[in-house]
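Let's take a friendly walk through the charged side chains of this protein. Have the viewer at hand, and we will go pair by pair.

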Amino acid sequence: MARTVVIVGGGYGGSLVAKELDAVADVVLVDPREAFVNAAGSLRALTRPDWAAHVFFRYDTLLDRGRVIRDRAVSADPAGVTLASGERVDADYLVLATGSGYTYPAKPNPGSTTTEAALSDLRKTHEELSGADRVLILGAGPVGLELAGEIHEVWPAKRIVIVDRGNDLLPSLLPEVRAALHTQLADRGIDLRLNTGLAAPPPTAPARPASSRSPPRPATGSRPTSGSGRSG
């Protein structure tokens with residue numbers, strides 16, 4: 001008799017484990033989302049909504065033998081997991097692959113668990129972003145820089161300001177790489193302000209247009225996900 005493997009979280013790691021074990025075990029994948037999200041394409045999906053559907057891959061096509069439960073795990077023990085619905089799923093082996101969270105739009109809003117809801121969020125934010133003359137990005141890490149590049153690619157005339165409290169741009173990179181990044185930002189007219197923070201929170205929520213038509217975009221890093229079946 002095949003062993004039951006319960007995998008909590010259907011992100012990159014969880015989906016890969018589920019797919020690899022599908023032929024040799026009874027796999028149960030737990031995730032509240034309708035589809036796997038290729039988060040590497042999320043920022044392009046924001047600026048190109050006609051392309052955005054390409055980052056979603058439905059879980060019901062992932063496994064040949066196993067099953068997917070759309071729910072959140074609220075507790076786990078060596079014998080299995082308990083879901084938010086109250087359902088108990090017993091397991092011979094338990095894989096916790098809850099991943100990490102990141103501020104929207106680098107990853108979908110936690111509450112938008114269907115593909116259509118996530119796409120609707122992207123379309124709405126794209127419309128707001130399209131109407132802004134200026135964009136403020138908080139954080140000059142890889143995501144903040146990528147977001148600035150994607151925005152500039154679609155709207156080259158839009159003024160983009162990146163603010164970061166750090167003294168150096170991506171200090172873990174080689175000096176010549178950082179110098180090249182500075183050059184690329186300058187060539188595109190993107191205003192990078194290091195060693196700079198906000199004196200007060202913006203007068204509008206992230207991703208919402210202010211009266212100055214400058215929606216702030218937070219790009220302040222990822223955080224581990226625990227206590228749920230949300231994929232990351």
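Is Asp191 buried, partly exposed or exposed? With a relative accessibility of 24%, Asp191 counts as partly exposed, because the buried class is reserved for values under 20%. Please keep in mind that the model is predicted.

Asp191 is a good place to begin. The side chains of Asp191 and Arg193 form a salt bridge, with N and O 2.9 Å apart. Arg193 is itself partly exposed, at a relative accessible area of 39%. Asp191 also pairs with Arg159, and here the closest N and O atoms lie 3.6 Å apart. This second pair links distant parts of the chain: Arg159 sits in strand β12 (residues 159-163) and Asp191 in strand β13 (residues 191-193), 32 residues apart. Arg159 is partly exposed too, its relative accessible area being 39%.

Now turn to another pair of strands. Asp77 and Arg88 meet through their side chains in a salt bridge of 2.9 Å, N to O. Asp77 belongs to strand β6 (residues 73-77) and Arg88 to strand β8 (residues 88-90), so the salt bridge ties together parts that are eleven residues apart in sequence. For Asp77 the relative accessible area is 31%, which makes this residue partly exposed. Arg88, at 35% relative accessibility, also counts as partly exposed.

How many salt bridges does a search of the whole structure find? The search finds ten, so the pairs visited here are examples to start from, each with a side-chain nitrogen of Arg within 4 Å of a carboxyl oxygen of Asp.

Definitions and conventions. Residues are numbered from 1 along each chain as its sequence is written. This is a predicted model: local features need pLDDT of at least 70, side-chain atom pairs count only at pLDDT 80 or more; totals for chains, interfaces and linings use all residues. Side-chain values use heavy atoms; hydrogens and water are left out. Helices (H or I, at least four residues) and strands (E, at least two) are DSSP runs, numbered from the N terminus. Buried means under 20% relative accessible area, exposed over 50%, partly exposed in between (1.4 Å probe, protein chains only).
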